[in-house]
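Good morning, and thank you for joining this short presentation. Please look first at the sequence and the model on the screen, and I shall then go through several parts of the fold in turn.

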Amino acid sequence: MTPERLRAFCLEFNGSAEEFPFGPETSVFKVLGKVFALTALDARPLTVNLKCDPDEAVRLREEHAAIVPGWHMNKRHWNTVTVSGVPDRLLRELVEDSYDLVVAGLPKAQRLRLDRP
């Protein structure tokens with residue numbers, strides 16, 4: 001997946017936005033103000049930090065050399081994924097799972113706002 005496609009995919013989710021709180025080189029993708037993905041789109045290799053269920057995070061790290069504990073993140077809940085090291089389909093699933101986990105932690109009123117067209 002290219003940096004452009006990763007960015008576009010992250011922005012497809014309801015309520016998602018790209019912000020740059022750490023400077024122009026780091027894209028932080030949020031849903032209603034809560035982070036679900038971080039990446040330096042110009043970095044080589046391209047990596048992305050994604051939220052993950054703790055048990056699933058361990059399993060993914062064991063199965064994929066390209067998935068490691070989240071760099072500069074809570075390593076129990078975040079993975080860093082080297083984009084070129086996983087199939088596009090898996091990467092898309094991991095981004096979507098990250099978004100879903102963050103949304104599940106939002107207050108009910110905010111979750112309901114996301115469901116409106």
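I begin with one pairing between two strands: Phe29 has Ala37 of E3 as its bridge partner. Please bear in mind throughout that this is a predicted model.

That bridge belongs to a wider pairing. Strand E2, residues 27-31, and strand E3, residues 34-39, are antiparallel and are paired over five bridges. Within the pairing, Val28 stands opposite Leu38 in E3. The hairpin of E2 and E3 has two residues between the strands, and in this hairpin Leu32 takes a positive phi near 45°.

E2 also has a partner in strand E1, residues 16-19; these two strands run antiparallel and are joined by four bridges. Here Ala17 stands opposite Lys30 in E2.

Is E2 buried or exposed? Five of its five residues are buried, so E2 is largely enclosed by the rest of the structure. Its side chains divide by direction: Ser27, Phe29 and Val31 point one way, while Val28 and Lys30 point the other way, and all are buried.

On to strand E4, residues 47-51. E4 and E3 run antiparallel and are joined by three bridges. Leu38 has Asn49 as its bridge partner in E4. Leu38 therefore appears in two pairings, since a residue of E3 can be named opposite Val28 and also with Asn49.The next topic is the largest pocket, which holds about 260 Å³ of space. The elements that give two or more residues to its lining are E3 and E4. E4 gives the most, with three residues. The lining includes Leu38 and Thr39, together with Thr47, Val48 and Asn49. Also among the lining residues are Phe22, Trp71, His72 and Met73. By character, the lining residues divide into six nonpolar, six polar and no charged.

Let me turn to the aromatic residues. The structure holds four aromatic pairs. One of them joins Phe9 and Phe13 edge-to-face, at 5.2 Å centre to centre and with 75° between the planes. Phe9 counts as buried at 9% relative accessibility, and Phe13 counts as buried at 14%. Phe13 also forms an edge-to-face pair with Phe36, at 5.9 Å centre to centre and with 80° between the planes.

Which parts of the structure does the pair of Phe13 and Phe36 tie together? Phe13 lies in the loop between helix H1 and E1, and Phe36 lies in strand E3, so the pair ties together parts that are 23 residues apart in sequence. Phe36 is buried, with a relative accessible area of 0%. Ring pairs link Phe9, Phe13, Phe36 and Tyr99 into a cluster.

I close with the cysteines. How many disulfides does the structure hold? The number is zero. Cys10 is in no disulfide, and the nearest cysteine sulfur, that of Cys52, is 15 Å away. For Cys52, the closest cysteine sulfur is in Cys10, and 15 Å is too far for a bond. Cys10 is buried, with a relative accessible area of 0%, and Cys52 also counts as buried, at 9% relative accessibility.

Terms used: Residues numbered from 1 in each chain as written. Predicted model: local features only at pLDDT ≥ 70, side-chain atom pairs only at ≥ 80, totals over all residues. Heavy atoms only, no water. Pairing = 2+ DSSP bridges. 1 Å grid on protein atoms, 1.4 Å probe; cavity = no way out; pocket = protein on both sides within 12 Å on 5 of 7 lines; lining within 4 Å. Points joined across faces, edges and corners; volume = space filled by probe spheres on them. Nonpolar A, V, L, I, M, F, W, Y, C, P; charged D, E, K, R; others polar. Disulfide = S-S within 2.5 Å. Buried < 20%, exposed > 50% of the residue type's maximum accessible area, 1.4 Å probe, protein only. Phe/Tyr/Trp six-rings, centres within 6.5 Å; stacked < 30°, edge-to-face > 60°.
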